[in-house]
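Welcome! Let us take a walk through this structure together, one region at a time.

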Amino acid sequence: MREAVGINIKKSKSYSTTDVASQVLARVEEIRKRLPAGTTIDVVKNSGVNVENSVRNVQEALVEGALLTVLVVFLFLNSWRSTVITGLALPVSVLASFIAVWVLGFKLETMSLLGLSLAIGILIDDAIVVRENIVRHVEMGKDHYTAAREGTDEIGLAVAATTFSILAVFVPIAFMPGVGGQWFKPFALTIACSVLVSLFVSFSLDPMLSAYWPDPHREEHEKSFITKALDRFNAWFDRLAIRYKRVIAWALDHRLAVVTIAVGTFVFALAMPAIKIGNRTLVGVSFFPADDNAEFNVKVETPPGSNLDYTRLKTEEVIRIIAGHKDLVRYSMSSLGTEGSSAVDMANIYVKMIPKLDRNVSVEAFTTTLRDELVQVGGAAISVYATDWGGGRKQVQIELRSADGDKLAVASERALAAVQGVANAVDLGLSSKGQKPELNVELDRGLAGSLGITVGQVAQSLRPAFAGIDAGDWQDPSGEMRDVVVRLAPEARRRAQDLRQLPLVVPGANGGAPTTLPLGQVATIENGVGPAVINHLDRDRVVNVEFNVAGRSVGEVTNDAQAAIAALNLGPDIRITLGAEAQQQNEVFGQIFLALGTALMLMYLILVMQFGSFLDPLAIMLSLPLSLIGVMLSLALTNNTINLMSLIGVILLMGIVAKNAILLIDFAKWAREKQGMSLRESLIEAGAIRLRPILMTTFALIAGMLPVALGRGEGAQFRSPLGIAVIGGVITSTLLTLVAIPTFYEILDQMRSGLARRLGLGVTQKTAEHRVPDSLSPAAGD
């Protein structure tokens with residue numbers, strides 16, 4: 001262990017962390033060259049490295065997701081030209097998004113790049129659907145120009161509806177107030193701009209290239225083995241589409257079973273966060289996901305009144321235990337006293353671990369083990385912080401507030417004892433830091449007043465004993481000027497009886513010469529204890545019961561702790577509220593759900609305008625809840641929680657899962673109105689025709705999300721729940737949508753027809769039951 005002087009450098013607002021860090025490192029190199037022999041300067045902590053790691057991980061996820069997405073397109077379309085035409089939507093949309101990021105004043109930082117990496121699976125969706133429909137028209141025998149025009153026209157409404165639905169979700173999210181808005185604005189607007197560009201590309205560049213750069217016809221013997229293998233895959237897929245017709249027919253014949261399954265999965269998904277197995281719920285709730293940046297902090301708090309040497313001794317004990325894990329720890333740095341304060345009973349230890357890829361133990365697992373080992377350090381309260389998201393605060397603060405300080409002190413001790421019995425609550429403590437030794441000086445006001453002594457004079461008499469008084473300056477032998485402060489020696493101010501002898505100046509009678517008398521003659525001086533820290537909130541005294549969480553989600557442990565405190569019945573004088581991360585979680589989650597509700601209403605209105613119906617969009621909107629069961633199951637299976645990142649995934653899902661329902665219902669309406677099919681026939685035909693683009697876009701989205709879900713590299717674990725939630729939600733929503741949405745649409749359509757007949761309005765739908773005369777049917781291509 002070596003003593004050192006630490007320098008903390010913080011960037012100013014609106015400046016880049018990485019830019020500031022690089023400039024600081026350059027200055028450090030210059031200083032290192034001028035240091036005297038035996039003196040070194042080292043960089044202990046560099047937040048710029050964490051930011052660079054995060055950005056690099058997102059960039060890698062973006063590139064990997066794009067390659068996997070293009071591979072899915074090639075697998076289904078079996079044409080490198082189709083793959084190029086479709087894949088061009090990615091670079092064009094991404095490059096256009098850079099312009100939007102610049103115009104909006106954002107930077108290519110973690111959240112804007114994360115938005116692009118998540119949009120990869122969405123950006124190509126429009127191009128996939130348009131290109132697949134053009135290829136289908138070519139296979140019907142049309143020339144490439146006609147197929148490009150009619151195929152784009154046929155699918156245009158569905159593509160526009162899906163894009164505008166995504167915009168309806170992300171634009172309100174971007175303008176959330178408070179902390180949530182700061183988080184989501186660059187993320188949401190980046191996605192919105194890129195998706196809008198992809199719509200333009202799919203309606204312009206893709207049809208143009210499809211018309212003038214067609215796939216050449218090749219005989220069977222001219223095809224490569226890859227093409228022949230993909231031909232067999234596509235033939236199998238066509239047979240699958242035919243079999244899928246029977247699935248839709250079964251669903252339409254068993255509507256009650258389908259509705260029961262759909263409603264049951266939705267209800268079970270909502271209940272999973274409340275269903276307990278032992279002391280754990282199926283899916284926990286927390287503000288931030290677990291992260292691994294190869295660093296953590298340890299705080300050491302010695303009893304109030306401890307001196308610097310005692311705090312140093314306990315800190316060294318902790319460091320020796322940490323240093324014993326040489327296979328996991330690179331180095332540690334300790335600093336005595338809290339930042340911005342002269343408190344000597346606190347110390348902070350920053351620990352840097354070896355890189356994530358070089359160890360098999362996560363930061364969270366190691367800190368849990370370390371807590372058990374640090375129990376052997378007596379005479380100090382030790383807290384371990386696996387992440388630095390709370391800015392040095394513990395994850396949960398339950399605030400006890402009252403105007404009565406004595407009642408508050410008793411209630412806080414009882415609350416602390418109750419929370420100590422809650423499983424997985426660790427590093428417990430009170431914000432009052434316990435009781436601290438103090439001297440109580442009570443002035444005999446009657447006697448003091450008769451002698452002309454004021455409270456201020458008593459305070460001045462105590463000042464030399466503790467704070468000291470300035471006595472001028474002094475030039476030392478080296479010529480340096482020193483400030484001189486006079487203060488009583490420590491042994492002369494330890495006991496109350498010694499302080500009673502302090503001289504107190506008393507004004508003389510009738511302007512006579514002043515005299516002195518012992519302080520003890522006009523005041524009672526006693527040793528006592530009092531709170532080390534006194535905090536106020538909204539004019540009330542407040543004491544926080546503080547703790548971290550390990551082994552369970554923050555939401556679960558917080559609920560158990562609140563229940564334990566509520567069972568104490570502390571009385572009407574004590575108010576209980578939440579603070580720290582739990583308070584921020586409730587605030588941000590509330591803002592997210594409010595913005596999401598607004599977004600869903602906007603989505604419905606857009607679909608009403610697109611489809612010209614108030615009822616058809618309801619069938620589409622019913623596809624949204626079908627994704628929740630996949631979100632919950634995927635989070636539960638991967639031991640993740642409902643947190644800020646997984647909620648971003650839910651927001652993303654609300655914008656994209658409606659796509660499948662839009663494709664199905666749009667084609668069913670087209671088949672009824674243009675080809676005069678019956679309702680049942682149109683739904684079955686829609687399923688067979690739209691199965692390929694639905695599964696193509698689904699697999700493309702999953703491929704784009706895989707790099708994010710895997711969470712490789714330092715800092716990437718923080719984003720992993722987002723990808724996991726999206727993949728799980730897309731899988732279940734696709735499977736359930738393919739079965740449930742035709743059923744829901746048939747039920748709603750029959751309800752509309754029945755209501756129209758009861759009201760005597762008649763049925764205006766142009767279907768096989770009310771076929772359009774051939775003489776009035778539009779000509780082909782119109």
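Does Arg255 count as buried, partly exposed or exposed? With a relative accessibility of 29%, Arg255 counts as partly exposed, because that value falls between the 20% limit for buried and the 50% limit for exposed. Please keep in mind that what you are looking at is a predicted model.

Arg255 is a good place to start, since a salt bridge joins Arg255 to Glu746, with 3.6 Å between the closest N and O atoms. The two partners come from distant parts of the chain: Arg255 belongs to helix α9, Glu746 belongs to helix α23 (residues 720-758), and their positions lie 491 residues apart in sequence. Unlike partly exposed Arg255, Glu746 counts as buried, at 7% relative accessibility. In general, side chains of opposite charge can pair when their charged atoms come close.

This pair has company, for the model holds 16 salt bridges by the rule applied here. Another of them brings together the side chains of Lys276 and Asp560, at 3.4 Å from N to O. Here too, distant parts of the chain are linked, with Lys276 in strand β1 and Asp560 in helix α16 (residues 554-566), 284 residues apart. Lys276 has a relative accessible area of 44% and is partly exposed; Asp560 is also partly exposed, with 23%.

Next, look for Lys407 and Asp573, whose salt bridge has its closest N and O atoms 2.6 Å apart. Lys407 sits in helix α12 (residues 405-419) and Asp573 in the loop between α16 and β17 (575-579), so this pair ties together parts that are 166 residues apart in sequence. Both ends are partly exposed: the relative accessible area is 43% for Lys407 and 39% for Asp573.

Some salt bridges share partners, and in this way Asp616, Lys669, Arg672, Asp749 and Arg752 are joined into one network. Let us pause at one member of that network. Asp616 lies in helix α18, which covers residues 616-621. With 2% relative accessibility, Asp616 counts as buried. Setting aside neighbours within four places in sequence, Asp616 is in contact with Ile665, Lys669, Tyr745 and Arg752.

From charged side chains we can turn to nonpolar ones. The largest nonpolar core is made up of 134 residues. Leu118, Phe170, Phe184, Phe187, Ile592, Leu652 and Ile656 are the residues with the most contacts inside this core. Helix α22 (residues 679-710) provides the largest share of the core, namely 16 residues. To get a feel for the packing, try Phe184: beyond its neighbours within four places in sequence, Phe184 is in contact with Ile173, Ala174, Met176, Ile592, Leu644, Ile648 and Ile651. There is also a second, separate core of 23 residues, which includes Leu416, Val422, Val557 and Ala561.

Nonpolar side chains appear on the surface as well. Phe268, Ile275, Leu633 and Leu637 make a nonpolar surface patch of about 370 Å². Within this patch, Ile275 is found in the loop between α9 (255-271) and β1 (276-277). Ile275 is partly exposed, with a relative accessible area of 31%, and can be part of the patch because patch residues need over 30%.

Now for a pair of strands. Strand β10 (residues 469-475) and strand β11 (residues 481-486) run antiparallel and are joined by five bridges. Together β10 and β11 form a hairpin, with five residues between the strands. In the turn you can find Gly479, which has a positive phi of about 95 degrees. Across the pairing, Trp474 stands opposite Arg482 in β11. As a general point, side chains in a regular strand alternate between the two faces of the sheet.

One last stop brings us to a helix again. Where does Thr598 lie? Thr598 lies in helix α17, which spans residues 580-611. Thr598 counts as partly exposed, at 34% relative accessibility. Although Thr598 and Ala168 are 430 residues apart along the chain, their C-alpha atoms are separated by 8.8 Å.

How values were computed
Residues numbered from 1 in each chain as written. Predicted model: local features only at pLDDT ≥ 70, side-chain atom pairs only at ≥ 80, totals over all residues. Heavy atoms only, no water. Patch = residues over 30% accessible without salt bridge, like charges linked within 9 Å, V, L, I, M, F, W, Y side chains within 5 Å. Areas by Shrake-Rupley, 256 points an atom, 1.4 Å probe, with all protein chains shown as cover. Salt bridge = Lys/Arg side-chain N within 4 Å of Asp/Glu carboxyl O. Helix = DSSP H or I, 4+ residues; strand = E, 2+ residues; numbered from the N terminus. Buried < 20%, exposed > 50% of the residue type's maximum accessible area, 1.4 Å probe, protein only. Contact = heavy atoms within 4.5 Å. Pairing = 2+ DSSP bridges. Core = buried A, V, L, I, M, F, W, Y, C linked by side-chain atoms within 4.5 Å.
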